[in-house]
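Reader: I'm new to reading structures, and I'd like to know where the labels come from. Could you walk me through a few?

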Amino acid sequence: MEPQVTGNQNNNFSISEDLIIPQAPPGFKSGFIGIIGRPNVGKSTLMNQLVGQKIAITSPVAQTTRNRLRGILTTPEAQLIFVDTPGIHKPHHQLGEVLVQNAKIAIESVDVVLFVVDGTTPCGTGDRYIADLLTRDVTDNPEANPTKVILGLNKIDQQPSDSEVVDNSYMHLAELHKWQTVKFSAKTNAGLEQLQELLIDQLDTGPLYYPPDLVTDQPERFIMGELIREQILLLTREEVPHSVAIAIDQVEETPTITRVLATIHVERDSQKGILIGKAGAMLKAIGSSAREQIQKLIAGKVYLELFVKVQPKWRQSRVHLAELGYRVEE
């Protein structure tokens with residue numbers, strides 16, 4: 001059974017025990033759509049654009065997404081629940097193995113897979129590896145009902161003038177597996193209407209799983225933590241790449257302000273020094289930028305206090321991963 005979540009005037013993230021979801025009209029379609037692809041192909045940007053609100057963090061750094069994050073788009077004729085997944089890549093530590101395993105689980109638990117590729121570069125070994133994952137169940141079990149797949153070429157606004165070679169490499173992959181294709185730009189919105197129509201066509205008739213005004217089923221605290229982590233990725237880039245995890249320790253709401261206390265976990269003392277910066281300048285910059293994003297999220301004034309804690313090799317420890325919210329999903 002899906003979690004029951006409702007919205008309020010300030011945000012769309014409040015949980016309710018006695019939620020009543022309206023009945024869907026006749027012919028209404030609904031379903032879960034997994035957004036799959038290599039790291040940094042624009043999956044999170046795409047989901048944000050489709051649902052019309054920022055719920056997934058984006059960054060030039062690869063492998064930004066860590067959790068399976070659901071975004072919800074409800075139109076008069078359909079409800080599309082998007083599952084944004086970590087980029088599928090060769091894992092180098094326990095955290096990476098958990099992330100890739102969760103992405104693979106998402107492939108098996110959705111109604112439609114939107115396989116997003118970078119339309120500025122030809123099809124590569126990483127794309128073919130994902131294509132093999134998407135077709136493995138059918139190969140191993142010919143009687144299995146295969147998941148519907150749409151191949152989406154993103155970043156068409158950045159395509160070179162001689163894009164025919166790039167396009168043909170993906171069209172060959174799509175023809176090989178009998179997939180439909182669509183070209184779009186998550187950055188400029190070009191082609192997104194066509195993509196939305198194609199996705200709705202692939203869904204079966206079904207109920208409303210969530211209230212029509214909801215855009216995600218993730219709790220507000222989770223989104224706050226992700227917005228803080230996004231600013232760390234943007235401001236420190238490769239200096240503190242992926243050894244950062246955020247724990248929201250306390251959220252106190254008053255009629256005039258929301259106070260948020262959060263701890264940034266890193267693996268080494270040197271990373272702690274980078275995050276704090278000279279005379280605390282970097283931590284102040286991270287806090288200021290993150291506070292602005294959180295204020296947009298909750299539509300209210302925010303006081304944000306950040307702490308930095310060294311947790312050696314937390315990415316290699318199943319215990320620490322679980323404590324920080326990273327575990328293989330069911």
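**Where the labels come from**

Author: Sure, and keep in mind that this is a predicted model. Let's start with K155: its relative accessibility is 18%, and it counts as buried.

Reader: What makes K155 count as buried at 18%?

Author: Buried means under 20% relative accessible area. K155 has 18%, so it gets that label.

Reader: Why is the pair D118 and K155 called a salt bridge?

Author: The cut-off is 4 Å between a side-chain nitrogen of Lys or Arg and a carboxyl oxygen of Asp or Glu. The side chains of D118 and K155 meet at 3.6 Å, N to O, so the pair fits the definition. D118 lies in strand β6 and K155 in the loop between β7 and α4, so the pair ties together parts that are 37 residues apart in sequence.

Reader: How do you know that D167 and K183 make one too?

Author: Their side chains come to 2.8 Å, N to O, and the limit is 4 Å. D167 sits in helix α4 and K183 in strand β8, 16 residues apart.

Reader: Why is K183 called partly exposed?

Author: Partly exposed runs between the buried limit of 20% and the exposed limit of 50%. K183 has 30%, so it lands in between. Its partner D167 has 13% and is therefore buried.

Reader: And what makes T236 buried?

Author: Its relative accessible area is 2%, so it falls under the 20% cut-off. T236 lies in helix α6, and leaving aside neighbours within four places in sequence, T236 is in contact with I274, L275 and M282.

Terms used
Residues numbered from 1 in each chain as written. Predicted model: local features only at pLDDT ≥ 70, side-chain atom pairs only at ≥ 80, totals over all residues. Heavy atoms only, no water. Helix = DSSP H or I, 4+ residues; strand = E, 2+ residues; numbered from the N terminus. Buried < 20%, exposed > 50% of the residue type's maximum accessible area, 1.4 Å probe, protein only. Contact = heavy atoms within 4.5 Å.
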